[in-house]
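Trainee: Could you take me through one part of this model in close detail? I would like to look at the salt bridges and what surrounds them.

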Amino acid sequence: MSFSLTKLEQESINISREKFLKLAAASIGSLALSSFYTKEYLPPIGMCGSWEDSAVAKQCGCEYIEEGVSKILMPTKPEREFKQQLEKMLNAKSLDVRCFNLFIPGELKSVGENANHEGIINHASIVFERAKMMGAKVITFGSSGSRSIPDGFEKTKAKEQFISLCTQLAPLAGSQNITIAIEQLNRGETNFLNTMQEVSEIVDAVNYPHLKMTCDVYHAIKENDSASEIIKFKEHIVHCHLAEKEGRTPPGVKGDDFTPYFRALKKIKYRGRISLECKWLSLMEELPIAIRVVKEQYAKA
């Protein structure tokens with residue numbers, strides 16, 4: 001049996017089909033847009049290490065490199081040598097060096113009887129200028145050798161010295177659009193600024209937008225600094241370091257659970273970076289596992 005449609009009926013079917021396709025397209029577009037806006041944010045994950053390893057790091061899933069100030073910015077070298085190295089790095093098409101650590105060398109003391117603030121300011125002025133040329137925005141201030149309090153020196157006086165130093169450094173960094181991020185370090189590395197609370201007191205005292213905090217989860221775990229401190233000091237945190245507690249191994253080696261700290265970072269809508277600052281045995285084997293573990297735990301947090 002066959003049916004024939006009138007011209008009017010055929011036009012009605014075509015109109016209905018056209019309307020259906022438009023509605024379907026609109027629905028798909030709406031779902032895609034909804035998915036775009038609800039997709040969970042994952043901070044960029046990078047590695048503290050050598051830019052010479054950036055090809056391997058990129059292959060393993062890293063998005064950037066965090067390097068040492070002295071090696072890359074070469075503050076004791078003429079600008080000509082720095083620019084030669086910069087050109088070499090650009091030609092190598094390596095991962096971008098987006099942040100720096102190892103800010104102040106140990107011989108330039110931040111506190112104590114031999115504190116050398118003038119030397120540090122001279123050093124830092126070159127560092128900030130060259131960091132800007134590289135496109136970096138954050139320099140972590142750990143520098144345990146520089147900031148450790150000498151035996152017998154009063155801690156209150158050391159704190160005053162450090163606040164005075166940072167009061168000078170912050171606007172100098174700001175003039176180059178660089179943010180100094182003071183890092184809390186465990187007591188095995190320094191006897192000064194071991195918790196996020198202690199770092200926050202410095203940041204509050206200086207009260208300058210280009211002086212903030214690096215939250216190092218490895219040091220936090222070592223010092224029993226709870227994840228709730230991240231929420232407490234959310235206005236200060238602009239950068240993050242990560243490693244497992246035992247042996248400073250990469251995530252995935254010992255199986256440390258970072259989800260409480262990741263949950264806190266998500267709660268404060270953290271938009272900085274996460275740098276893996278670890279002791280590697282085999283970068284090619286351990287790095288992709290570390291990145292996968294961080295992504296999985298961050299999603300689960």
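Mentor: Happy to! A contact here means heavy atoms within 4.5 Å. With that in hand, among contacts in the protein chain between residues at least 6 apart in sequence, 76% join residues at least 24 apart. Do keep in mind that this is a predicted model. The chain has 301 residues, and 49% of them count as buried. Its secondary structure comprises 12 helices and eight strands. About 15,700 Å² of surface is accessible, with carbon and sulfur atoms holding 52% of that.

Now to the salt bridges, which number 13. A good place to zoom in is the network that links Glu189, Asp216, Arg248 and Glu277. Let's start with glutamate 189 and arginine 248, whose closest N and O atoms are 3.1 Å apart. This pair ties together distant parts of the chain: glutamate 189 sits in the loop between E5 and H8, while arginine 248 sits in the loop between strand E7 (237-242) and H11, 59 residues apart. Glutamate 189 counts as partly exposed because its relative accessibility is 32%. Arginine 248, in contrast, has a relative accessible area of 12%, so it is buried.

Arginine 248 also forms a salt bridge with aspartate 216, and here the closest N and O atoms are 3.9 Å apart. Again the link spans distant parts of the chain, 32 residues apart, with aspartate 216 in strand E6 and arginine 248 in the loop between E7 and H11. Both aspartate 216 and arginine 248 are buried.

Strand E6 (211-216) also helps cover the buried residues of helix H8, and the cover includes helix H7 (155-174), strand E5 (179-183), helix H9 (217-222) and helix H10 (228-232) as well. Within H8 (residues 196-206), the buried residues include Met196, Glu198, Val199 and Ile202. After H8 comes asparagine 207, with a positive phi near 55 degrees.

For another salt bridge, look at aspartate 96 and arginine 98, where the closest N and O atoms are 3.0 Å apart. Aspartate 96 is partly exposed because its relative accessible area is 39%. Arginine 98 has 26% relative accessibility, so it counts as partly exposed too.

Finally, turn to charge on the surface: Lys234, Lys267, Lys269 and Arg271 gather there in a positive patch. Of these, lysine 267 belongs to helix H11 (residues 259-267). Lysine 267 counts as exposed because its relative accessibility is 62%, and the cut-off for exposed is over 50%.

Notes: Residues are numbered from 1 along each chain as its sequence is written. This is a predicted model: local features need pLDDT of at least 70, side-chain atom pairs count only at pLDDT 80 or more; totals for chains, interfaces and linings use all residues. Side-chain values use heavy atoms; hydrogens and water are left out. Patches are made of residues with over 30% relative accessible area and no salt bridge: like charges are joined within 9 Å, nonpolar side chains (Val, Leu, Ile, Met, Phe, Trp, Tyr) within 5 Å. Accessible areas come from the Shrake-Rupley method with a 1.4 Å probe; for residues, only the protein chains shown count as cover. A salt bridge is a side-chain nitrogen of Lys or Arg within 4 Å of a carboxyl oxygen of Asp or Glu. Lys and Arg count as positive and Asp and Glu as negative; His and the chain ends are not counted. The place of a charge is taken as NZ of Lys, CZ of Arg, CG of Asp or CD of Glu. Helices (H or I, at least four residues) and strands (E, at least two) are DSSP runs, numbered from the N terminus. Buried means under 20% relative accessible area, exposed over 50%, partly exposed in between (1.4 Å probe, protein chains only).
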